[in-house]
Amino acid sequence: MAAPNNLPHFFDSFNCNLIWFSNKKFSLENNSEFLVKINHNYLRAKIDKINNIIDVLNPVFQGLQNEINFNQIANINLNLAQKTAFDLFENNKNTASFLLIGKDDNETIACGIIANSLSQGNDGTDKQEQFLIELSQLVAKYFGDKNTNS
């Protein structure tokens, strides 16, 4: 049971951060359908919007892009084929994560954490953009820029 002030969300879309595992790049132009495994459910899903990207190998905030490549952290809006219950990662780490699976080959494409539910007028970009900028700065601070000698 959930506390009254911490009820699960029940929507068909959310804003999330994911890390792309696949060698196959994703492009909004060829937006294919995926399976999302969330809380023991498998649902069809599509990436609606790429809000911003950080490349793990070159940890500089890259802003808006139309494709996601191997080892990139992307903040996206994900649309599900039907509503499902989920929590936000800041509230419950166990029920706010998911896997993105290739529909044709069952390849685990990415894993992600849910940042915000999406309702009308809320695309989650302000808070997430700030998060990705801060993450980029921390990675650069502790791991350095691959182009500089330490």
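## Report on a predicted β-rich chain with one helix

Zero disulfides are counted in this predicted model, a disulfide being a pair of cysteine sulfur atoms within 2.5 Å. In general terms, a disulfide is a covalent bond between the sulfur atoms of two cysteines. Residue numbers start from 1 along each chain as its sequence is written. The model is predicted, so that local features need pLDDT of at least 70 and side-chain atom pairs count only at pLDDT 80 or more, whereas totals for chains, interfaces and linings use all residues; side-chain values use heavy atoms, with hydrogens and water left out.

**Overall architecture**

The chain contains one helix and nine strands, where helices (H or I, at least four residues) and strands (E, at least two) are DSSP runs numbered from the N terminus. Along the sequence these elements follow the pattern β-β-β-β-β-β-β-β-β-α. Of the 150 residues in the chain, 38% are buried; buried means under 20% relative accessible area, exposed over 50%, and partly exposed in between, with a 1.4 Å probe and protein chains only. The accessible surface comes to about 8800 Å², and carbon and sulfur atoms hold 50% of that surface. Such areas come from the Shrake-Rupley method with a 1.4 Å probe, and for residues only the protein chains shown count as cover. Among contacts (heavy atoms within 4.5 Å) with a separation of 6 or more, 69% join residues 24 or more positions apart.

**Strand pairing**

Two strands pair if DSSP finds at least two bridges between them. The table gives four pairings.

| Strands | Sense | Bridges | Citation |
|---|---|---|---|
| β1 (residues 9-20) and β7 (residues 72-86) | antiparallel | 10 bridges | |
| β1 and β9 (residues 108-117) | antiparallel | Seven bridges | |
| β3 and β4 (residues 41-55) | antiparallel | five bridges | |
| β4 and β7 | antiparallel | Nine bridges | |

Individual residues mark these pairings. N17 has N75 in β7 as its bridge partner, and F14 stands opposite S117 in β9. I38 is bridged to N41 in β4, while I54 stands opposite I73 in β7. The hairpin of β3 and β4 has two residues between the strands, and N39 there takes a positive phi near 50°.

**Two loop residues**

S32 belongs to the loop between β2 (26-27) and β3 (34-38). Its relative accessible area is 35%, so S32 is partly exposed. Apart from neighbours within four places in sequence, S32 contacts F26, A45 and K46. The C-alpha atoms of S32 and A45 are separated by 8.8 Å, with the two residues 13 residues apart along the chain.

D87 is located in the loop between β7 and β8 (97-102). D87 counts as buried because its relative accessibility is 11%. Beyond residues up to four places away in sequence, D87 touches L7, P8, H9, N92, T95, A96 and I114. From D87 to I113 the C-alpha to C-alpha distance is 9.6 Å, across 26 residues in sequence.

**Cysteines and the helix surface**

C16 has 0% relative accessibility and therefore counts as buried. C111, at a relative accessible area of 28%, is partly exposed.

Helix α1 (residues 125-143) includes L138, which is partly exposed with a relative accessible area of 47%. L138, Y142 and F143 make a nonpolar surface patch of about 410 Å². Patches are made of residues with over 30% relative accessible area and no salt bridge, with like charges joined within 9 Å and nonpolar side chains (Val, Leu, Ile, Met, Phe, Trp, Tyr) within 5 Å. A salt bridge is a side-chain nitrogen of Lys or Arg within 4 Å of a carboxyl oxygen of Asp or Glu.
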